[in-house]
Amino acid sequence: MENKKKVAFYTLGCKLNFSETSTIARSFQNEGFERVDFEEVADMYVINTCSVTENADKQFKQIVKKAMKLNDKAFVAAVGCYAQLKPEELAAVDGVDLVLGATEKFKITDYINDLVKNDMGEVHSCEIEDADFYVGSYSIGDRTRAFLKVQDGCDYKCTYCTIPLARGISRSDTMEGVLKNAKEISAKGIKEIVLTGVNIGDYGKGEFGNKKHEHTFLDLVTELDKVEGIERLRISSIEPNLLKNETIDLVSKSRAFVPHFHIPLQSGSNDILKKMKRRYMRELYIDRVAKIREVMPHACIGVDVIVGFPGETDEHFLETYNFLNELNISYLHVFTYSERDNTEAATMEGVVPMNVRSKRSKMLRGLSVKKRRAFYENQIGTNRTVLFESENKEGYIHGFTENYVKVKTPWNPELVNTLHDIYLTKIDEDGMVRFDFVNVEV
């Protein structure tokens, strides 16, 4: 019997990339490849790239180097967002044989014939206008939760963002497609599904390959809530202008959707929001948070924010800081603005010096720690449900409550991937929460 060819994968960037890597990996397994860990010697290494983080190119070079060290004859392919935006740049990296853009990455097995290394990276990337068909995917990173892609691409034109250039127009999976994938995931014994996409509140668009659609995001969550066997559903990140009252109400009464929202704000200053071409003002954001708190006082609300955008003065930054300080939210994801080619913001005046960007980022990260602590303190003395993770970390097992409080208890393998009712008792030195089990003998 001939030896199976081995393929290894490395994913940079977001949860959507992870779900797509899993789908690409399954296509290799269907072609008879054996999937191995990236630390192992393989015949082929596939790197799924990201265009959002500043060090994406540096990271990419290091990962290629690592692959070449493991096997200098291995075939190396780069796919994904950075591969779509800067294909020639990636193709020029020593050791890279194949670069595939936004649409080609799902047909990667068509492009590899003999796995013979090329002298120069070969590029296949479409014009991004051609990225108009939808490929459904989901990833199972661990036994506990899966990321289910429901939508891809974006029609928004935020001035700092390359995603529309890297992923094309907004388009969605069909309702049947999403429900089928959700059932497949639940059949594998996975307890939690996280919905992902580039702009998931836009779900429904492009269901028929054009802008007409019969389903909305509200329809999607309504149907998913009925899928049996899924214990928990989480909405990963949703634009404030697309998070409607009806969706918030549905989550508050839902069987499976958990009270956890992640809502990008980007700036607490209306001046900056306008320059970013965001589709709302801060007043709408206040309104969304108030609505969630009204029907789910215990919900966890996470916020994305960008510091150092061109034209952000100290006054603008303080406006953002004070806005977030007063808002009843639970944690922040802070991004330091970095210039991207072919975006409007890259040519704007009022460039904020790097050291100022770093200082602002540090201030908001400090605020995030304070917010999370206050949120956790607020949860002490309440009953929650925890889903335990699968890793033994220094003798402890960790898990998250439905409203995203991280808890820990001494390691017990029987708890892995199980749900339990617990009573939150205190915050540990490391910031995690300790608890008592409710009515069970463990």
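# Briefing: a cavity, a parallel sheet and selected residues

The count of cavities of 30 Å³ or more comes to one. The model in which this cavity is found is a predicted one, and the largest cavity holds about 50 Å³ of space. The points below take up the lining of that cavity, then an open sheet of six strands with parallel pairing, and finally Thr11, Glu402, Glu394 and Tyr404.

**Cavity**

- Rolling a probe the size of a water molecule over the atoms shows where empty space is left.
- The lining of the largest cavity is made up of Ala102, Thr103, Phe106, Ala131, Phe133, Tyr134, Val135, Lys149, Asp152 and Arg171.

**Six-stranded sheet and its helices**

- The strands of the open sheet follow the order E2-E1-E3-E4-E5-E6, and their pairing is parallel.
- Strand E2 (34–36) and strand E6 (122–124) stand at the edges of this sheet, and because each has a single partner strand, one side of each is left without a neighbour in the sheet.
- On average, and with direction ignored, neighbouring strands of this sheet are turned by 20° against each other.
- Within the sheet, strand E1 (residues 6–11) pairs with strand E3 (residues 44–49) in the parallel sense, and this pairing runs over five bridges.
- Helix H1 (residues 15–30) lies across E1, E2, E3 and strand E4 (75–80), and the helix runs at about 170° to E1.
- Helix H2 (residues 56–70) lies across E1, E3 and E4, and here the angle of about 170° is the one to E3.

**Thr11 in strand E1**

- Thr11 is found in strand E1, where Thr11 stands opposite Asn48 in E3.
- With a relative accessibility of 14%, Thr11 falls under the 20% limit and therefore counts as buried.
- When residues up to four places away in sequence are not counted, Thr11 touches Asn17, Phe18, Thr21 and Asn48, and the side chains of Thr11 and Thr21 are joined by a polar contact of 2.8 Å.
- Thr11 and Asp219 are 208 residues apart in sequence, and their C-alpha atoms are 31 Å apart in space.

**Glu402 and its surroundings**

- Glu402 lies in the loop between strand E17 (396–401) and strand E18 (406–410).
- Although Glu402 lies in a loop, Glu402 counts as buried, because its relative accessibility is 14%.
- The side chain of Glu402 reaches the backbone nitrogen of Thr385 at 2.9 Å.
- Leaving aside residues up to four places away in sequence, Glu402 touches Arg232, Arg234, Val258, Pro259, His260, Arg384 and Thr385.

**Loop residues with positive phi**

- Tyr404 is found in the loop between E17 and E18, and its phi is near 65°, a positive value in a residue other than glycine.
- At 23% relative accessibility, Tyr404 counts as partly exposed, since that class covers the range between under 20% and over 50%.
- Glu394 is found in the loop between strand E16 (383–393) and E17, and its phi is near 50°, again a positive value in a residue other than glycine.
- Glu394 has a relative accessible area of 80% and is therefore exposed.

Terms used:
Residues numbered from 1 in each chain as written. Predicted model: local features only at pLDDT ≥ 70, side-chain atom pairs only at ≥ 80, totals over all residues. Heavy atoms only, no water. Pairing = 2+ DSSP bridges. Helix = DSSP H or I, 4+ residues; strand = E, 2+ residues; numbered from the N terminus. Axes fitted to C-alpha atoms, helices over the stretch in contact; angles between N-to-C directions. Contact = heavy atoms within 4.5 Å. Buried < 20%, exposed > 50% of the residue type's maximum accessible area, 1.4 Å probe, protein only. Polar contact = N/O pair within 3.5 Å; in protein donor to acceptor, adjacent residues only side chain to side chain. 1 Å grid on protein atoms, 1.4 Å probe; cavity = no way out; pocket = protein on both sides within 12 Å on 5 of 7 lines; lining within 4 Å. Points joined across faces, edges and corners; volume = space filled by probe spheres on them.
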